[in-house]
Amino acid sequence: GITSEFSACVTGIQPAFPTATINNVSQNEGDSGTTNFTFTITLSQPATGTETVLYSTADGTAAAPGDYTAVVGGVATFAPGATTTQITISVNGDTAVEGNETFTVALTGGNGVNISASTPGTGAIQNDDVAALPIVSIGNVSQNEGDTGTTAFNFTVTLSQPATGTETVTYSTGDGTAAAPGD
């Protein structure tokens, strides 16, 4: 848009800056170490030069540093002509049985780039841990039947671990050498 003093005057036109948006990522957290959540930042048109976007994470139901590694003032760079670049947020794996959790990645500024007013990218940490179900066992009972009336046979049902709430077990009887309803 700048001309020399020896050329004719020309009005320069400032090209419109591209607008940056970020996607959502949803995946399992893993049982140990870290899992990379890779977010893609997309420009509405190719970068005219080396363009940068600033980003930061924010807690949702997931909290840093326990669930993921927070980033404040991260820089994503676009090469000339590029329309996408990727950033990585580390999520901590564990074996705790918990609900799915989320955090966000917001685009906070840019050099030669407009930031979309849309919702920031959401990182959905999918819980991949399950509680081990207790094993149910039943004891044997041996006693005399008695000569008249009925005799109660009390069976003991045992769980391999403490109940986490009210647990129920469905049961039924079946004929062996004794047959219902006579015996």
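Start by selecting E29, in the loop between β2 (25-28) and β3. Helices and strands here are DSSP runs numbered from the N terminus, with at least four residues for a helix (H or I) and at least two for a strand (E). Show what surrounds E29: leaving aside neighbours within four places in sequence, E29 is in contact with T35, V91, N92, G93, D94, A96, E98, I125, Q126, N127, D128 and D129. Contact means heavy atoms within 4.5 Å. Is E29 buried or exposed? E29 is buried, with a relative accessible area of 1%. The cut-offs are under 20% for buried, over 50% for exposed and partly exposed in between, using a 1.4 Å probe and protein chains only.

Before you click on: this is a predicted model, where local features need pLDDT of at least 70 and side-chain atom pairs count only at pLDDT 80 or more, while totals for chains, interfaces and linings use all residues. Residues are numbered from 1 along each chain as its sequence is written, and side-chain values use heavy atoms, with hydrogens and water left out.

**Stop two: the open sheet**

Now select β6, β3, β1 and β8, which in that order make an open sheet of 4 strands with mixed pairing. β6 (84-92) and β8 (114-115) are the edge strands, each with a single partner, so one side of each has no neighbour in the sheet. Two strands count as paired if DSSP finds at least two bridges between them. Zoom in on β3 (residues 34-43) and β6, an antiparallel pair with 9 bridges. Pick I41 and look across to T85 in β6, which stands opposite. As background, strands of a sheet pair through backbone hydrogen bonds, either parallel or antiparallel.

**Stop three: the core**

Select F39, I41, Y55, I87, I89, F103 and V105 and show them as sticks. They have the most contacts inside the largest nonpolar core, a group of 23 residues. Such a core is a set of buried Ala, Val, Leu, Ile, Met, Phe, Trp, Tyr and Cys residues joined through side-chain atoms within 4.5 Å. Elements giving two or more residues to this core are β1 (19-22), β3, β4 (51-59), β5 (74-78), β6 and β7 (101-111). Which strand gives the most? That is β3, with 4 residues.

Stay on F39 for a moment. Not counting residues up to four places away in sequence, F39 touches a list that includes I22, V25, I87, I89, F103 and V105. G121, T122 and G123 are also among the residues F39 touches.

**Stop four: β7, β9 and their partners**

Colour β4 and β7: they run antiparallel, joined by 8 bridges. T52 stands opposite N111 in β7. Next add β9 (residues 121-126), which pairs with β7 in the antiparallel sense over 5 bridges. To see two of the matches, pick T102, whose bridge partner in β9 is A124, and V105, whose partner there is G121. Then bring in β2, which runs parallel to β9, with 4 bridges between them. From this strand, S26 has A124 in β9 as its bridge partner.

**Stop five: two loops**

Select A82, in the loop between β5 and β6. A82 is buried, with a relative accessible area of 18%. Apart from neighbours within four places in sequence, A82 is in contact with L43, Q45, P46 and A47. Try a distance from A82 to Q45: these residues are 37 apart along the chain, and their C-alpha atoms are separated by 8.3 Å.

Then go to P65, in the loop between β4 and β5. The peptide bond from A64 to P65 is cis, with omega near 5 degrees. For context, most peptide bonds are trans. Another cis bond joins A180 and P181, with omega about 5 degrees, and P181 sits in the segment after β11.

**Last stop: the later residues**

Q161 also lies in the segment after β11 (157-159). Q161 is partly exposed, with a relative accessible area of 33%, and is in contact with A132, L133 and P134, leaving aside neighbours within four places in sequence.

Finish by selecting I138, in strand β10 (residues 136-138). I138 is exposed, with a relative accessible area of 54%.
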